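Got the viewer open and a selection box ready? Here's a short walk through this model, one selection at a time.

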Amino acid sequence: MSEGKAPNWRPGRAKSEKVRRIVFQVLVDVIENDGYANLQLPATLNKAYVKRRDAAFATNLCYGVLRLQSRWDAIIAKCCAGRQISEIDLPVLVLLRMGAYQLLALETPPHAAIYETVMLARNEVGTGASGFVNAVLRRISERSLNEWRNLLQAELGGSGSLKFISVWFSHPEWIVRAFATSLQAAGRNPQELLAVLKANNKPAKVTLAARGISPAELAADISRGKMESAPPSLVPTALTLEGGDPGRIFAVQDKLAGVQDEGSQLVVAAFAAAPIEGNDSRWLDMCAGPGGKTATLAPIAASRGANIFANELHPHRLELVEQAVAPWAERVALRCGDGREIGEEEPESYDRILIDAPCTGIGALRRRPESRWRKKAGDALDLAKLQIKLLESGWQAVRPGGIIAYSTCSPHLPETRAIIKDFCTRHPQAVLLDAPAIATQNALQPLSGTDNLLQLWPDLHDTDAMFLAILQKN
């Protein structure tokens with residue numbers, strides 16, 4: 001310290017790099033408060049006026065840390081001198097995961113990855129933590145990603161062991177088992193499991209559904225917004241947004257288009273195309289929130305003179321449905337209530353019923369990277385009880401000759417095939433229509449399935465792992 005300075009003077013401290021600081025804060029908040037990165041990160045980046053290139057880096061870093069969390073934790077655990085992961089404070093552990101991802105996945109130069117992470121630790125957590133972070137990251141940097149893979153593979157039972165697959169591909173063991181059994185039930189080779197897990201760890205494309213306008217008009221609108229689009233791979237109503245904010249597109253602002261996975265769009269198209277006998281004017285969306293499927297269905301119903309009755313249990317989600325279907329408000333009636341009660345209250349009242357049932361959501365892990373760490377195997381069993389009751393209610397509410405489409409964003413057998421098999425056993429008058437064939441009529445590629453059930457896959461169809469069964473009431 002030079003003479004003449006006050007006794008309490010301290011040297012200045014370098015600022016943390018802004019984008020990494022945002023990612024750190026979002027990650028801590030998402031984990032601590034059960035938030036959703038796909039909602040919090042874009043909002044935070046917009047508020048901070050982060051440039052597009054930096055925003056892309058932030059998104060890659062944030063989602064990569066969450067998706068591959070167990071991989072990074074296994075590597076970190078090998079570099080902590082015997083310290084257990086559970087003993088590391090969350091902010092410090094998040095910093096270590098960020099550093100490991102940059103070193104091993106992004107291949108950021110070690111000096112840059114370590115320096116920036118250590119500086120972030122010093123400024124956000126404290127000097128003591130920064131020393132620990134520095135030591136651990138230096139040990140991590142001593143091996144390549146492939147070397148770490150070989151080391152963990154040898155320790156966890158080999159490349160085919162459940163433990164290694166779970167850790168390296170960062171899926172809880174129960175989810176790995178769920179995908180493996182679902183693949184087999186769908187007639188796929190169990191050896192394709194790794195392809196599915198890898199697909200779950202890739203960022204999902206931003207896909208738009210053209211609703212009140214044609215795909216060509218939507219493409220022109222995207223172009224006017226200085227953005228680019230790519231053609232769909234599964235359904236003709238879709239477009240893939242090649243970068244940019246979909247909220248800037250006029251058609252999205254006007255609710256004539258919306259963000260929606262192609263698999264979800266296909267479920268709607270198949271539901272509307274399923275053949276029924278007699279009247280076809282009253283359609284029920286039993287679990288409508290937040291409104292994506294209802295909004296895609298609304299222009300189809302309007303073109304055929306049908307009305308949609310959109311039911312949602314939670315008021316705030318019903319508000320989202322109301323916003324999504326605004327251009328077709330005269331065609332959509334809203335109801336805030338429990339779908340399990342509709343069958344008893346309105347027996348044989350509907351021609352078509354869509355039950356997009358609450359589920360574990362493990363078919364959408366590409367979009368919600370943090371959700372895999374929050375779900376438990378027991379959740380599926382609890383949800384199955386609800387799914388059965390919703391299906392029974394729908395069966396009461398649909399008229400003879402009408403159809404029910406049952407869908408989930410999950411391939412897990414207890415909430416898909418097992419539900420349908422049990423239902424058909426108890427209701428022999430239920431006819432299981434050929435969902436793959438009906439879906440193929442509305443798709444850009446042929447679709448196959450077993451037992452008349454449709455199961456989409458992220459690796460084959462580049463969609464969420466949507467399940468669909470279509471039942472007709474004789």
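Start with Phe179. This is a predicted model, and leaving aside neighbours within four places in sequence, Phe179 is in contact with Leu193, Val196, Leu197, Asn200, Ile362, Leu365, Pro411 and Trp457. Show those side chains as sticks and keep them on screen for a moment.

Next, widen the view. Which residues have the most contacts inside the largest nonpolar core? Phe179 is one of them, along with Cys62, Ile76, Ile88, Leu96, Met98 and Ile140, in a core of 69 residues. Helix H5 supplies the largest share of this core, 10 residues. Apart from that core there is another one, of 43 residues; to find it, pick Ala272, Trp328, Leu433 and Ala439, which are among its members.

Now go back to Phe179's surroundings and select helix H11, residues 193-200. Leu193, Val196, Leu197, Ala199 and Asn200 are the buried ones here. Look down the helix axis: these residues span an arc of only 160°, which puts them on the same side of H11. What do they pack against? Colour H3, helix H9 (162-168), helix H10 (173-185) and helix H21 (458-461), and you have the partners of H11's buried residues.

On to helix H1, residues 18-33. With 16 residues, H1 reaches 22 Å from first C-alpha to last, close to the 22 Å expected at 1.5 Å a residue. Try zooming in on each end:

- At the N-terminal end, Glu17 acts as a cap, with a side-chain oxygen 3.2 Å from the backbone nitrogen of Val19.
- After the helix comes Asp34, with a positive phi, near 55°.

In between, select the buried residues of H1: Val19, Arg20, Ile22, Val23, Phe24, Val26, Leu27, Val28 and Val30. Their packing partners are helix H2 (37-47), helix H3 (52-67), helix H5 (90-104) and helix H6 (110-124). Notice that H3 also showed up as a partner of the buried residues of H11.

Finally, zoom out and switch to cartoon. You should be able to count 21 helices and 12 strands. The radius of gyration is 25 Å, close to the 23 Å that the globule rule gives for 474 residues, so the protein is as compact as a globular protein of that length. Along the principal axes, the C-alpha atoms fill a box of roughly 95 × 50 × 40 Å. Colour by burial, and 51% of the 474 residues should light up as buried. For a contact map, note that residues 24 or more positions apart make up 74% of the contacts with a separation of 6 or more.

Terms used
Residues are numbered from 1 along each chain as its sequence is written. This is a predicted model: local features need pLDDT of at least 70, side-chain atom pairs count only at pLDDT 80 or more; totals for chains, interfaces and linings use all residues. Side-chain values use heavy atoms; hydrogens and water are left out. Helices (H or I, at least four residues) and strands (E, at least two) are DSSP runs, numbered from the N terminus. The expected span of a helix is 1.5 Å times one less than its number of residues. Buried means under 20% relative accessible area, exposed over 50%, partly exposed in between (1.4 Å probe, protein chains only). Contact means heavy atoms within 4.5 Å. A polar contact is a pair of N or O atoms within 3.5 Å; within protein, one must be able to donate a hydrogen and the other to accept it, and residues adjacent in sequence count only if both atoms are side-chain atoms. A nonpolar core is a set of buried Ala, Val, Leu, Ile, Met, Phe, Trp, Tyr and Cys residues joined through side-chain atoms within 4.5 Å. The arc is that of the directions from the helix axis to the C-beta atoms. The radius of gyration is taken over C-alpha atoms; the globule rule is 2.2 Å times the number of residues to the power 0.38.
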